[in-house]
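Visitor: I have a new model open on my screen and would like help reading it. Where do we start?

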Amino acid sequence: MTFTNAPTHLISHDYASKYTVLPIRLCGSHLMVAMEDPGDYDIIADLQDISGYYIVPVIADAFEIRRQLDMLYGEEAVDNIASQWLVERRLKERTQVTDSALLEQLSSAPAVRLIDSLIESGVISRASDIHIEPFESYLKTRYRVDGELVPFRTVNLGLLPSIISRLKIMGDMDITEKRIPQDGHFSLRVLGTRVEFRVSTMPTRLGEKAALRLLYGDGARLKKEDLGFFEEDLAVLTKLFHMPHGAIIMTGPTGSGKSTTLTCFLEEFNNEKLNIVTAEDPVENPIPGVNHISVDPQAGLGFANALRHILRQDPDIIMIGEMRDSETAKIAIQAAITGHVVLSTLHTNDAPGVIERVIDMGVEPFLVAAAINGIIAQRLARRICTACKKPAKLTASDAKILGIDKETTVYAGVGCEECNFKGDTGRIAVYEYILIDDKLRSRITSEPAKLAAKLRKKEGLKRNIARNVALGRISVAEGVRLVGGGEKDGE
């Protein structure tokens, strides 16, 4: 829930954040406060002195308290940080301090706290990306949540150099280079969750822009049953993944959940009898008992080179983060033919496109036919919030786009506290898959282009999207967006 009328003015953000407490409601002379430990009488006494009210403690989950703190105090906290930066800048300009290390610490401290605030709020919101963007007179911060960019806060533009320098230090990047884009990475444990961060900086007309990709580790593990596959399809795909050898290729745009789906199925194989090795850029969801390799092309360890060395390690199952080039594709296909299970991702618009793409990468059609057992194309769809789900209007034009009867009862979320008034909460997979049987293998060898065109006419992905709309799992607007190939999925 969200406590929109919480008396936050009675307890400062610094104190509430430090001791994980949240003022909930003021009732006469009594102040109700959510606490992780309502038996901590020292904090209760402090709160009573600070607020001037009699404290009524209520037990609450620490993560939920911090989530509510972010929502209620977020703007105040960022404004305080920006204000403190202005004070420190003036102090720096007026003082005669000559210690450069002290000056650096003085100027960067607010940036450090602002970055910490952005990261913590991003994790609480389950953001996949954080954007820090300079504009003419201010600095904008935005999160990508469930595929949508959501504005967070705007702060003083003068903070930008310190923020960028701090992020470059965290990402092991060159803080003196401002003329070219840079990439880096770091990891943190935030609110009990291990998070990997990919950092990218890019020069713009108004200064450097930064983008952070958040990759959640432990605490964010999904099971295959949670992905959104229909029960009968999940049974078919589970059987596919348990074939003794051959390749399974996932396809879809960036941020469509390809690696997450492969990892969910991969976990089922994880036992002492199998040697499982992955090559990823970077390792996103490490699984205990699985050998993960983080490729580093700059150090000479690309996907192709990593794959060669993996094959010398007696692997049973190999997962390749992405087939990016001809060499990687050829080695992967060869590995699938020679008795290994190979899982990989590839960027194409649909499942039939994988056949064409792998052949275009220089792999002979007969090898493609022999190696690939199945292809899965996936997108991520915003799921309707079940708490505020209501029947919605279906226009004739939308029904035609989706290929469903115009009398179909459809639904949409109207917005509530549970979904932060968005109307949707979380995402599910929409998908199509192709099982490669003997008949298809023959056609891949003889006429791959014609086969791909024929498979494409079945519109498997569109039919799956339409089914999700008709069942009330996703809205009409979301279905039309996905069928029409609208905005990027995000992650």
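Guide: Let's start with burial: a residue is buried under 20% relative accessible area, exposed over 50% and partly exposed in between, using a 1.4 Å probe and protein chains only. Take T201, which is buried because its relative accessible area is 0%. Keep in mind that this is a predicted model, where local features need pLDDT of at least 70, side-chain atom pairs count only at pLDDT 80 or more, and totals for chains, interfaces and linings use all residues. Residues are numbered from 1 along each chain as its sequence is written, and side-chain values use heavy atoms, with hydrogens and water left out.

Visitor: Which strand holds T201, and what does T201 touch?

Guide: Helices (H or I, at least four residues) and strands (E, at least two) are DSSP runs, numbered from the N terminus. T201 sits in strand β8, residues 193-204. A contact means heavy atoms within 4.5 Å. Leaving out residues up to four places away in sequence, T201 touches I164, K168, M173, P181, Q182, E208, K209 and A210. The C-alpha atoms of T201 and A211 are 6.5 Å apart, with the two positions ten residues apart in sequence numbering.

Visitor: What about the chain as a whole: how many helices and strands are there, and what share of residues is buried?

Guide: The chain has 16 helices and 18 strands, and 49% of its 491 residues are buried. Among contacts with a separation of 6 or more, 64% join residues 24 or more positions apart. For the surface, areas come from the Shrake-Rupley method with a 1.4 Å probe, and for residues only the protein chains shown count as cover. The chain exposes about 23700 Å², with carbon and sulfur atoms supplying 51% of that.

Visitor: How many salt bridges are there?

Guide: Side chains of opposite charge can pair when their charged atoms come close. The rule here asks for a side-chain nitrogen of Lys or Arg within 4 Å of a carboxyl oxygen of Asp or Glu. By this rule there are 16 salt bridges. One of them joins R213 to D129, with the closest N and O atoms 2.6 Å apart. That pair links distant parts of the chain, 84 residues apart: R213 is in strand β9 (residues 207-216) and D129 in strand β4 (residues 129-134). Both R213 and D129 are buried.

Visitor: Which parts does the salt bridge between E478 and R382 link?

Guide: E478 and R382 meet at 3.1 Å, N to O. The pair links helix α16 (residues 476-483), home of E478, with strand β15 (residues 372-384), home of R382, 96 residues apart. E478 counts as buried because its relative accessibility is 5%, and R382 is buried too, at 7%.

Visitor: And R308 with E327: are they buried or partly exposed?

Guide: R308 is partly exposed at 31% relative accessibility, and E327 is partly exposed at 40%. The closest N and O atoms of their salt bridge are 1.7 Å apart. R308 lies in helix α8 (residues 303-311) and E327 in helix α9 (residues 326-337), so the bridge ties together parts 19 residues apart in sequence. Elsewhere, D281, E322 and R324 are linked in a network of salt bridges.
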